[in-house]
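Colleague: Could you walk me through this model and tell me how each label was earned? I would like to see the cut-offs beside the values.

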Amino acid sequence: MSVTVDIKDLGLTRQREVVLQVIRDEPEHLTANGVFDKAKQLLPGIPFATVYNSLRYLKDAELIAEISFGSGASRFDSMTSRHDHAICTKCGKLVDMELDLPAELVARAAEFSRFQPESLELTLRGLCPDCTE
């Protein structure tokens, strides 16, 4: 789990505070456009470029995580610790999963790919409960 720090204690600009607040308060993993829509409700004059640049800054500062799946739009997550995801192939819903992956799985993946492992993330793709009804 990530440690929650009070936004006011981070020394961020007001715009970056708003962007971080949106990501922390939203249960869904928003795209940049989604963050922009929510940020405009809190700070009506905020331009999209400022939101986009704030997302880059917050990611680089390791205050948020960026999740990319292929050619789709990136999504942003307040949980920065290692965790996995399930994504619905019909509606796109993205859910966090905290799983303990066996060290043997990492070793086998590294052996198979011949990559030097830095991290391993599991993505479960399928239909969410809402889409299976």
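Modeller: What follows is a short conversation about the fold, the core, the rings and the cysteines.

Modeller: Please keep in mind that this is a predicted model, where local features need pLDDT of at least 70, side-chain atom pairs count only at pLDDT 80 or more, and totals for chains, interfaces and linings use all residues. Residues are numbered from 1 along each chain as its sequence is written, and side-chain values use heavy atoms, with hydrogens and water left out.

Colleague: How do you know what confidence the predictor has in the chain?

Modeller: We read it from pLDDT, the predictor's confidence in each residue, from 0 to 100. The chain has a mean of 90, and 93% of its residues reach 70 or more. Confidence is highest in helix 2, at 97, and lowest in helix 4 (residues 103-113), at a mean of 91.

Colleague: What makes a stretch a helix or a strand here?

Modeller: Both are DSSP runs, numbered from the N terminus: helices are H or I with at least four residues, strands are E with at least two. The chain comes to 5 helices and 5 strands, in the order α-α-α-β-β-β-β-α-β-α along the sequence. Its C-alpha trace spans about 50 × 40 × 25 Å along the principal axes.

Colleague: Why is L20 called buried?

Modeller: Buried means under 20% relative accessible area, exposed over 50%, and partly exposed in between, with a 1.4 Å probe and protein chains only. L20, in helix 1, has a relative accessible area of 0%, so the residue is buried. Across the chain, buried residues make up 31% of the 133 residues.

Colleague: And what does L20 touch?

Modeller: Contact means heavy atoms within 4.5 Å. Not counting residues up to four places away in sequence, L20 touches I7, L10, L12, L58, L63 and I64.

Colleague: What makes a group of residues a nonpolar core?

Modeller: The set must be buried Ala, Val, Leu, Ile, Met, Phe, Trp, Tyr and Cys residues joined through side-chain atoms within 4.5 Å. The largest such core has 18 residues, and those with the most contacts inside it are V19, I23, V35, V51, L55 and I64. Helix 1 (14-25), helix 2 (32-42) and helix 3 (48-60) each supply at least two of its residues, with helix 1 giving the most, at 5 residues. To take one member, V35 touches V19, V22, I23, L30, V51 and L55, again leaving out residues up to four places away in sequence.

Colleague: Which parts does the buried side of helix 2 pack against?

Modeller: The buried residues of helix 2 are A32, G34, V35, F36 and A39. They pack against helix 1, helix 3 and strand 2 (75-77).

Colleague: Why are F36 and F48 called an edge-to-face pair?

Modeller: Rings of Phe, Tyr and Trp (its six-membered ring) pair if their centres lie within 6.5 Å; planes under 30 degrees apart count as stacked, over 60 as edge-to-face and the rest as tilted. F36 and F48 are 5.4 Å centre to centre with 85° between the planes, which fits edge-to-face. F36 lies in helix 2 and F48 in helix 3, so the pair ties together parts 12 residues apart in sequence. At 17% relative accessibility F36 counts as buried, while F48, at 34%, is partly exposed. Ring pairs link F36, F48 and Y52 into a cluster.

Colleague: How do you know that a charge sits over the ring of Y52?

Modeller: The rule asks for NZ of Lys or CZ of Arg within 6 Å of the ring centre and within 35 degrees of the ring normal. The charged end of R56 sits over the Y52 ring, 4.9 Å from its centre. R16 likewise lies over the face of Y57, at 3.6 Å from the ring centre.

Colleague: Why is C131 not counted in a disulfide with C88?

Modeller: A disulfide is a covalent bond between the sulfur atoms of two cysteines. Here the label needs a pair of cysteine sulfur atoms within 2.5 Å. The closest cysteine sulfur to that of C131 is in C88, 3.7 Å away, so they are too far for a bond. C91 is in no disulfide either, with the sulfur of C88 the nearest at 3.7 Å, and the structure holds 0 disulfides.

Colleague: Are those two cysteines, C131 and C91, buried or partly exposed?

Modeller: C131 counts as buried at 18% relative accessibility, whereas C91 is partly exposed at 48%. C131 is found in helix 5 (residues 129-132), and its contacts beyond four places in sequence are C88, K90 and C91.
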